[in-house]
Amino acid sequence: MDKRALSAAFGAAVAAVLAVTASASATASAGEVLTTGSAGGTAVATGDVLSASLASGTKARIATTPGGSTGITCGTSAFTATVDGNPAAPGTATETVTAHTLSNCTTNIVGATGVQSITVNNLPFAAAVTSGGSLTVTAGAAGPIQTTLKISTILGTTTCVYRASSLTATPSNADNSLTFTDQLFSKYSGPGTCPASGYFSAKYGPVLDTSQAGSPVVFVN
């Protein structure tokens, strides 16, 4: 092999090594989709339990129209989810939503005098968190996303059942929150006094990794 061929071969080998090194470095710096401590921080482990209550000073609402003032307002709400997969970012992390509760609720729906209970049915649900942007909740094996409302009226207790095809929330690393805005639930069963639709809005945060010491906040990358 002459000097020019040897030089060219050596240059190609160096370029290949540099390309592999750069690729590995980019992958390492990307981190995982879900991290604690900071954006791009410590990866959230598969099997960890994440939880959050309503963000301070906020309430959950189920309005009869998008952005409307008529409906149900709840002062207490929380969710719990288990991390099933947390790949390198950009990517999609997967979770199983194991609990979602709403309580301490009031209503201003005409004819209603109070809210006895709100029960989220057919748990667990599946959830997917994508880099840069959204969390989507879909039905699990137990059945569709469903909520049962028991409302007190002047004529007795009314039971209204609502279903949603999916729910979408927006994560924010500014305060480690998740915000649901006007997520549509359609009436599945119940008398005519049950509103035809319910639009769910709530802000949860901070989201915490309760499986780790000190329950650090969770970031989406």
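Me: Two strands pair if DSSP finds at least two bridges between them. This model is predicted. In which order do the three strands of the open sheet stand?

Reply: Three strands make up this open sheet. Their pairing is antiparallel. The order is β2-β1-β16.

Me: Which are the edge strands of that sheet?

Reply: Look for strands that pair on one side only. Two strands fit, and they are β2 (42-43) and β16 (218-220).

Me: How many bridges join β1 to β2, and which residue stands opposite T36?

Reply: Strand β1 covers residues 34-36 and runs antiparallel to β2. Pairing needs at least two bridges. The count here is two bridges, and the residue in β2 opposite T36 is T42.

Me: Is β10 mostly covered or mostly open?

Reply: Buried means under 20% relative accessible area. In β10, eight of nine residues are buried. The strand is mostly covered.

Me: Which residue of β10 does I118 face across the pairing with β7?

Reply: β7 and β10 run antiparallel, with eight bridges between them. Opposite I118, in β10, stands L149.

Me: What joins β10 to β11?

Reply: β10 also pairs with β11 (residues 156-164), in the antiparallel sense, over nine bridges. In this pairing S152 stands opposite T157. Two residues carry the chain across, and the link is a hairpin.

Me: Which strand gives the largest share of the largest nonpolar core?

Reply: This core holds 46 residues. L34, I72, I118, F200 and Y204 touch the most other members. The largest share is five residues, and it comes from strand β5 (residues 71-85).

Me: What is the volume of the largest cavity?

Reply: A search of the whole structure turns up three cavities of 30 Å³ or more. The largest has a volume of about 220 Å³.

Me: Which strand gives the most to the lining of the largest cavity?

Reply: This lining has 21 residues, and I62, T147, L149, F185 and F200 lie nearest the centre. Several strands supply at least two residues each, including β4 (60-63), β7 (112-121) and β10 (145-153). Four residues come from the strand that gives the most, β14.

Me: How many charged residues are in the lining of the largest cavity?

Reply: Sort the lining by class. There are 14 nonpolar residues and seven polar ones. The number of charged residues is zero: there are no charged ones.

Me: Which strand gives the most to the lining of the second largest cavity?

Reply: About 170 Å³ of space lies in this cavity. Of its 14 lining residues, F79, V97, H100, V137 and F180 are the closest to its centre. β5, β6, β8 (125-130), β9 (134-138), β13 and β14 give two or more residues. With three residues, the one that gives the most is β6.

Me: How many nonpolar residues are in the lining of the second largest cavity?

Reply: By class, one lining residue is polar and one is charged. The nonpolar count is twelve.

Me: Which strand gives the most to the lining of the largest pocket?

Reply: The largest pocket has a volume of about 190 Å³. Its lining has 14 residues, and G111, A112, T153, T158 and T193 lie nearest its centre. The elements that give two or more residues are β10 and β11. The most, four residues, comes from β11.

Me: How many polar residues are in the lining of the largest pocket?

Reply: Eight of the lining residues are nonpolar, and none is charged. The polar count is six.

Technical notes: Residues are numbered from 1 along each chain as its sequence is written. This is a predicted model: local features need pLDDT of at least 70, side-chain atom pairs count only at pLDDT 80 or more; totals for chains, interfaces and linings use all residues. Side-chain values use heavy atoms; hydrogens and water are left out. A nonpolar core is a set of buried Ala, Val, Leu, Ile, Met, Phe, Trp, Tyr and Cys residues joined through side-chain atoms within 4.5 Å. Buried means under 20% relative accessible area, exposed over 50%, partly exposed in between (1.4 Å probe, protein chains only). On a 1 Å grid over the protein atoms alone, a cavity is a set of points where a 1.4 Å probe fits but cannot get out, and a pocket is an open set with protein on both sides within 12 Å along at least five of seven lines; lining residues have an atom within 4 Å of a point. Grid points are joined across faces, edges and corners, and a volume is the space filled by probe spheres set on the points. Ala, Val, Leu, Ile, Met, Phe, Trp, Tyr, Cys and Pro count as nonpolar, Asp, Glu, Lys and Arg as charged, and the others, Gly among them, as polar.
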